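Morning, everyone. Please have a look at the chain on the screen, and I will walk you through it.

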Amino acid sequence: MDTENVVKHLRLLWRTDRVIADIRLRHLLVGLGLRAFAALIAVFGLLMFELAAYLGLVQITSAVVAAAALGGCNIVIAALLLIIASRAPSGRELELANEIHSSSMDALQLEARSFQSQVSNLINHPLNNLIPLLIVPIATMIIKTLRTQGHSESEASGPAEASHSG
């Protein structure tokens with residue numbers, strides 16, 4: 001597991017999450033602004049339109065029918081404005097940010113799996129990693145032991161040979 005790769009992927013993940021959040025926030029603000037502007041126009045425009053329509057309809061029909069017809073028109077206009085305001089955000093920017101986000105998540109998962117396999121190998125077979133480190137000291141100890149035993153045997157046989165010859 002390379003910590004530099006993990007940090008790089010985490011930074012990329014953080015940045016793409018910020019971009020995704022920024023895109024969604026802009027979309028929400030634009031939608032909210034459109035709704036507020038639509039409400040403002042609806043209030044002023046419909047007041048004048050309704051006043052004119054009401055005065056015109058009162059001359060043709062009763063006041064109740066005129067008010068009901070204008071109320072129905074208001075509901076249809078409000079529904080159209082809400083449908084326009086709830087459109088989906090721009091697909092390209094959000095799609096690109098989601099792709100980068102998913103690729104950085106995949107890379108982080110790959111790094112995590114690599115780290116997990118290294119840890120499990122160390123836990124399952126701890127001697128496998130220690131054997132290469134212990135071979136050199138053990139070999140030097142064995143060689144020193146053999147040398148000292150060989151050296152002490154030659155010293156022990158040396159005086160015995162001298163006493164036999166003398």
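One cut-off before we start: a residue counts as exposed when its relative accessible area is over 50%, and as buried when that area is under 20%. Anything in between is partly exposed. Keep in mind that this is a predicted model.

Let me apply that cut-off straight away. Leu-28 lies in helix H1. Its relative accessibility is 56%, so Leu-28 counts as exposed. Leu-28 also has a distant partner in sequence. Ser-86 is 58 residues away along the sequence, yet the two C-alpha atoms are 9.1 Å apart in space.

Now the overall picture. The protein chain has 4 helices and 0 strands. Read from the N terminus, the order is α-α-α-α. There are 166 residues in the protein chain, and 11% of them count as buried.

Next, helix H1 itself. H1 covers residues 3–60, which is 58 residues. From first C-alpha to last, H1 reaches 81 Å. The expected figure is 86 Å, at 1.5 Å a residue, and the helix comes close to that. Where does H1 bend? The bend is at Leu-46, and it is about 30°.

Leu-46 is also one of the buried residues of H1. The others on that list are Val-6, His-9, Leu-13, Thr-16, Ile-20, Ile-23, Gly-31, Ala-38 and Ala-53. A general point helps when you read such a list. An α-helix has 3.6 residues a turn, so residues three or four places apart point the same way.

On to charges. How many salt bridges are there? The count comes to 1 salt bridge. Arg-26 forms it with Asp-22, and the closest N and O atoms are 3.4 Å apart. Both residues lie in helix H1, 4 residues apart, about one turn of the helix. In general, side chains of opposite charge can pair when their charged atoms come close. Are these two buried or exposed? Neither label fits Arg-26, because its relative accessible area is 40%, and that makes it partly exposed. Asp-22 is partly exposed as well, with 37% relative accessibility.

Now for the packing. H1 packs with helix H2, residues 63–85. The angle is about 160°, and the axes are 10 Å apart. Angles over 145 degrees count as roughly antiparallel, so that is how H1 and H2 run relative to each other. Their crossing is right-handed.

Two more pairs are worth a look on the screen. Take Ala-42, in helix H1. Ala-42 has a relative accessible area of 22%, so it is partly exposed. Ala-78 is 36 residues from Ala-42 along the chain, and their C-alpha atoms are separated by 8.1 Å.

The second pair involves helix H3, residues 91–124, where Ser-102 has its place. At 35% relative accessibility, Ser-102 counts as partly exposed. How far apart are the C-alpha atoms of Ser-102 and Thr-16? They are separated by 9.5 Å, with the two positions 86 residues apart along the chain counted as their spacing. Thr-16 is among the buried residues of H1.

That is the tour. Questions, please.

How values were computed. Residues are numbered from 1 along each chain as its sequence is written. This is a predicted model: local features need pLDDT of at least 70, side-chain atom pairs count only at pLDDT 80 or more; totals for chains, interfaces and linings use all residues. Side-chain values use heavy atoms; hydrogens and water are left out. Helices (H or I, at least four residues) and strands (E, at least two) are DSSP runs, numbered from the N terminus. The expected span of a helix is 1.5 Å times one less than its number of residues. The bend at a residue is the angle between axes fitted to the seven residues ending there and the seven starting there. Buried means under 20% relative accessible area, exposed over 50%, partly exposed in between (1.4 Å probe, protein chains only). A salt bridge is a side-chain nitrogen of Lys or Arg within 4 Å of a carboxyl oxygen of Asp or Glu. Axes are lines fitted to C-alpha atoms, for helices over the stretch in contact, and angles run from 0 to 180 degrees between N-to-C directions. Angles under 35 degrees count as roughly parallel, over 145 as roughly antiparallel, 65 to 115 as roughly perpendicular and the rest as oblique. A crossing is left-handed if the near helix is turned anticlockwise from the far one by less than a right angle, and right-handed if clockwise.
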